[in-house]
Amino acid sequence: MPAEPDHDDHDGHDHGGHGHGHVHPVNFDPTAAEPDPFDAAPEGGRACRIGIGGPVGSGKTALTAALCRTLGEELNLAVVTNDIYTTEDADYLRKAGVLDPSRIEAVQTGACPHTAIRDDITANLDAVDELEERFPGLDLVIIESGGDNLTAVFSRGLVDSQVFVVDVAGGDKVPRKGGPGVTTADLLVINKIDIAHLVGADMDVMTSDAHRMRGELPVITQSLVDTPGAPAVSDWVRSLLPITTA
Ligand SMILES: Nc1nc2c(ncn2[C@@H]2O[C@H](COP(=O)(O)OP(=O)(O)OP(=O)(O)O)[C@@H](O)[C@H]2O)c(=O)[nH]1
Ligand SMILES: [Mg+2]
């Protein structure tokens with residue numbers, strides 16, 4: 001790039017201005033692309049953080065367990081769970097033996113779960129820091145939100161990418177009801193398709209509504225009963241991580 005003209009202001013200090021009435025940050029590069037909010041590649045070598053949110057009982061913990069089983073051998077992995085009053089989900093994951101118990105941290109939110117993943121993320125950031133200190137070189141931290149409603153999404157200050165899990169039991173209307181979880185999450189998972197026929201949920205309607213609401217963003221339908229390793233979601237997670245040559 002050609003050298004820029006002298007940026008000094010009258011007081012002799014360089015404030016990054018360049019003579020057209022406004023100030024850019026010191027390293028501003030007008031030719032650089034805007035940062036992609038959906039790019040999960042972590043900065044500075046820290047662990048990639050993936051949030052898993054969605055309504056109560058949709059299968060967030062079951063998906064977290066499946067990802068631990070499938071990816072736990074190949075990745076340096078840890079989990080943070082969120083529950084309102086208990087440590088139920090962390091206890092479940094520890095008991096299920098999906099990961100070394102010390103790789104699982106529980107946050108008790110004490111209030112609406114979305115507060116702890118969106119508004120005041122301190123407790124979750126502390127839990128992630130704790131895990132990163134305990135396990136240097138972590139590749140991935142999965143943060144499971146407490147069950148909430150269709151408006152609950154993670155702050156981009158907490159996670160690099162987020163998965164929103166809905167299930168068929170709520171009826172095939174759920175995707176078209178929208179809300180930021182359905183429309184903006186980096187991945188929408190429609191879970192429990194094995195029981196769709198029992199609740200009269202039409203999978204064609206659910207998937208076409210989901211794609212209509214989300215544009216190019218991906219949608220995965222799955223049953224953790226039929227495919228307990230969550231292969232499609234595991235592949236999606238792998239696609240977010242820096243390529244490693246084992
Ligand atoms: N049939 C069927 N049941 C499932 C599936 N995935 C999860 N479940 C069951 O659904 C129930 C709720 O699953 P969880 O993983 O605890 O749901 P959750 O979203 O973590 O729930 P909260 O954290 O309480 O909001 C459990 O009994 C699971 O075994 C699935 O694909 N098919
Ligand atoms: Mg759970």
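Where in the chain is the place of Ala-230? Ala-230 sits in the loop between strand 7 and helix 9, and we will come back to it in one of the views below. Please keep in mind throughout that this is a predicted model.

**Figure 1. The whole protein chain, built from 9 helices and 7 strands.** Start here to get your bearings before zooming in. Of the 246 residues in the protein chain, 45% count as buried. Now think about contacts between residues that are at least 6 apart in sequence: 77% of them join residues at least 24 apart. The close-ups that follow show some examples of residues brought together in this way.

**Figure 2. The magnesium ion (ligand 2) and its donors, Thr-61, Asp-89 and Glu-144.** Look for the OG1 atom of Thr-61, the OD of Asp-89 and the OE of Glu-144, which coordinate the ion at 2.1 to 2.2 Å. If you follow the chain from one donor to the next, you will find the spacing T-x27-D-x54-E. Thr-61 lies in helix 1 (residues 60-71) and Asp-89 in helix 2 (residues 88-96), so this pair ties together parts that are 28 residues apart in sequence. Are these two residues buried or exposed? Thr-61 is buried, with a relative accessible area of 13%, and Asp-89 is buried too, at 14%.

**Figure 3. Thr-61 and the residues it touches.** This view stays with the Thr-61 of helix 1 and turns to its surroundings in the protein. The side chain of Thr-61 makes a polar contact with the side chain of Asp-89, at 2.9 Å. A polar contact also links the side chains of Thr-61 and Glu-144, at 2.8 Å. Both partners are familiar from the previous figure, where they coordinate the magnesium ion (ligand 2). Leaving out residues up to four places away in sequence, Thr-61 touches Asp-89, Tyr-92, Leu-93 and Glu-144.

**Figure 4. Ala-65, another residue of helix 1.** At 2% relative accessibility, Ala-65 counts as buried. Which residues is Ala-65 in contact with, once its neighbours within four places in sequence are left aside? They are Leu-93 and Val-98. You can also find Ala-96 in this view: it is 31 residues from Ala-65 along the chain, yet their C-alpha atoms are separated by 8.1 Å.

**Figure 5. Helix 9 (residues 231-240) and its buried residues.** The buried residues here are Val-233, Ser-234, Trp-236, Val-237 and Leu-240. They cover an arc of only 160° around the axis, which puts them on the same side of helix 9. What covers these buried residues includes strand 1 (48-53), helix 1, strand 4 (140-144), strand 5 (161-167), strand 6 (187-191) and strand 7 (219-221).

**Figure 6. Two serines of helix 9, Ser-234 and Ser-239.** Ser-234 is buried, with a relative accessible area of 0%, whereas Ser-239 is exposed, at 54%. In each case, follow the side chain to a backbone oxygen. The side chain of Ser-234 reaches the backbone oxygen of Ala-230 at 2.9 Å, and the side chain of Ser-239 reaches that of Trp-236 at 2.6 Å. Not counting residues up to four places away in sequence, Ser-234 touches Leu-67, Thr-70, Leu-71 and Gly-229. Ser-234 and Ala-66 are 168 residues apart in sequence, but their C-alpha atoms are 8.6 Å apart in space.

**Figure 7. Ala-230 and Lys-192, two residues with a positive phi.** Here we return to the residue from the opening question. Phi of Ala-230 is near 45°, and phi of Lys-192 is near 65°; neither residue is a glycine. Ala-230 lies in the loop between strand 7 and helix 9, while Lys-192 lies in the loop between strand 6 and helix 7 (196-199). Ala-230 is buried, with a relative accessible area of 1%, whereas Lys-192 counts as partly exposed at 25%.

**Figure 8. Arg-103 over the face of Phe-135.** Find the ring of Phe-135 and then look for Arg-103, which lies over the face of that ring at 4.1 Å from the ring centre. How many aromatic pairs does the structure hold? The number is 0.

Technical notes. Residues numbered from 1 in each chain as written. Chains lettered and ligands numbered in written order. Predicted model: local features only at pLDDT ≥ 70, side-chain atom pairs only at ≥ 80, totals over all residues. Heavy atoms only, no water. Donors = N, O, S within 2.8 Å, 3.2 Å for Na, K, Ca; no water. Helix = DSSP H or I, 4+ residues; strand = E, 2+ residues; numbered from the N terminus. Buried < 20%, exposed > 50% of the residue type's maximum accessible area, 1.4 Å probe, protein only. Phe/Tyr/Trp six-rings, centres within 6.5 Å; stacked < 30°, edge-to-face > 60°. Lys NZ or Arg CZ within 6 Å of the ring centre and 35° of its normal. Arc of directions from axis to C-beta. Contact = heavy atoms within 4.5 Å. Polar contact = N/O pair within 3.5 Å; in protein donor to acceptor, adjacent residues only side chain to side chain.
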